[in-house]
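Dear colleague,

Please find below the structure that I am handing over to you. My findings follow it.

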Amino acid sequence: MIWTLRTLLRARTAEAEEAVIDREAPRLMAQHLREAEADLRRARHGLATLVAKRKAEARRREEAKAEIARRETEARAALEREEEALANDLVERIADLEDKIEGARRIEADLETRITALRQATTEGERRITTLAADLRAARAGRLARGMSGPLAAASAPIPSPLERAEALAKRMQESGREADDAAAALLGTAGTTSDDLDARVEEAGLANERASRRAAILGRLKTETDTQDSKGDA
């Protein structure tokens with residue numbers, strides 16, 4: 001008898017809780033919708049920031065390319081006047097600029113990955129919020145409640161309730177931002193480990209001096225171009 005009374009008490013408590021939740025479902029839905037919209041605004045702001053950073057890196061890369069062209073002209077002039085010290089300094093600057101361009105390219109690639117992931121997340125978020133807002137309007141008008149016992153009571157229904165969709169949307173948008181950053185960080189981490197560590201180990205072993213080789217290659221190219229121009233002038 002005591003067990004039966006306890007069971008009845010739990011059943012009545014559960015029914016009362018469900019009735020309250022059913023009655024307040026539109027209000028709960030509206031709150032989840034507001035939270036999802038706030039997440040979407042933050043995602044849009046983050047997307048705009050990433051796009052601005054990508055443009056800035058592209059601008060730095062183009063500026064470095066323009067300076068390389070200028071420094072190469074100056075280095076050729078120095079070689080023609082046999083000012084080897086000045087030519088070597090200019091070659092050193094050219095090598096630095098080439099490194100700057102390569103670094104900008106890597107950053108741009110990382111930013112592009114993050115931008116693509118975040119743009120997809122915001123597009124999906126906008127679509128789901130639009131659907132949820134329509135469900136909320138229907139619930140407030142009473143049309144949604146007439147065909148079902150309550151948005152939250154039908155746990156076994158094949159179509160998720162509007163509130164469940166709102167909760168899933170908020171979780172999805174939060175996880176999408178983290179996944180984009182994790183993916184970008186993983187790409188950066190992989191690139192750094194594979195390239196930088198191996199280069200450092202090769203240099204420590206004394207097997208190569210990539211920087212010196214590059215300077216020699218740049219200087220040799222400029223000398224060849226200068227000699228070619230001189231030959232054409234003599235002809």
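How many residues does the largest nonpolar core have, and which of them have the most contacts inside it? The model is a predicted one, and in it this core comprises 15 residues. Ile218 and Leu222 are the members with the most contacts inside the core. At least two residues come from each of helix H1 (2-80), helix H2 (84-141) and helix H5 (210-234). The contribution of H2, seven residues, is the greatest.

Apart from this core lies another, which has ten residues. Ala30, Ala36, Leu132 and Ala133 are among them.

Leucine 222 merits a closer description. If its neighbours within four places in sequence are left aside, leucine 222 is in contact with Glu72, Ala75, Arg76, Leu79, Val91 and Ile94. Two of these partners, Arg76 and Glu72, also form a salt bridge with each other, in which the closest N and O atoms are 3.7 Å apart. Because they are four residues apart in helix H1, arginine 76 and glutamate 72 are separated by about one helical turn. Arginine 76 has a relative accessibility of 16% and therefore counts as buried. Glutamate 72 likewise counts as buried, because its relative accessibility is 13%.

As to the overall fold, the protein chain contains five helices and zero strands. Its pattern along the sequence is accordingly written α-α-α-α-α. The protein chain has 235 residues, of which 29% count as buried. About 15,500 Å² of the protein chain is exposed, and 53% of this area is supplied by carbon and sulfur atoms. Where contacts join residues at least 6 apart in sequence, 86% of them are between residues at least 24 apart.

Turning to charged side chains, the structure holds 15 salt bridges. One of them joins arginine 61 and glutamate 108, with an N to O distance of 2.7 Å. Arginine 61 belongs to helix H1 and glutamate 108 to helix H2, so this pair ties together parts that are 47 residues apart in sequence. Both arginine 61 and glutamate 108 are buried.

Another salt bridge is formed by arginine 127 and glutamate 124, whose closest N and O atoms are 2.6 Å apart. Both residues lie in helix H2, three residues apart, or about one turn of the helix. Are they buried or partly exposed? Arginine 127 is partly exposed, as its relative accessible area is 48%. Glutamate 124 is also partly exposed, since its relative accessible area of 21% is not under the 20% that defines a buried residue.

Salt bridges also link Glu67, Arg70, Arg71, Glu74 and Arg93 in a network.

Finally, I draw your attention to arginine 34, which is placed in helix H1. Its relative accessibility is 45%, so arginine 34 counts as partly exposed. The side chains of arginine 34 and glutamine 31 are joined by a polar contact of 2.7 Å. Arginine 34 is 99 residues away from alanine 133 in sequence, while their C-alpha atoms are 10.0 Å apart in space. Alanine 133 is one of the residues of the ten-residue core mentioned above.

With kind regards

Conventions. Residues numbered from 1 in each chain as written. Predicted model: local features only at pLDDT ≥ 70, side-chain atom pairs only at ≥ 80, totals over all residues. Heavy atoms only, no water. Core = buried A, V, L, I, M, F, W, Y, C linked by side-chain atoms within 4.5 Å. Buried < 20%, exposed > 50% of the residue type's maximum accessible area, 1.4 Å probe, protein only. Contact = heavy atoms within 4.5 Å. Areas by Shrake-Rupley, 256 points an atom, 1.4 Å probe, with all protein chains shown as cover. Polar contact = N/O pair within 3.5 Å; in protein donor to acceptor, adjacent residues only side chain to side chain. Salt bridge = Lys/Arg side-chain N within 4 Å of Asp/Glu carboxyl O.
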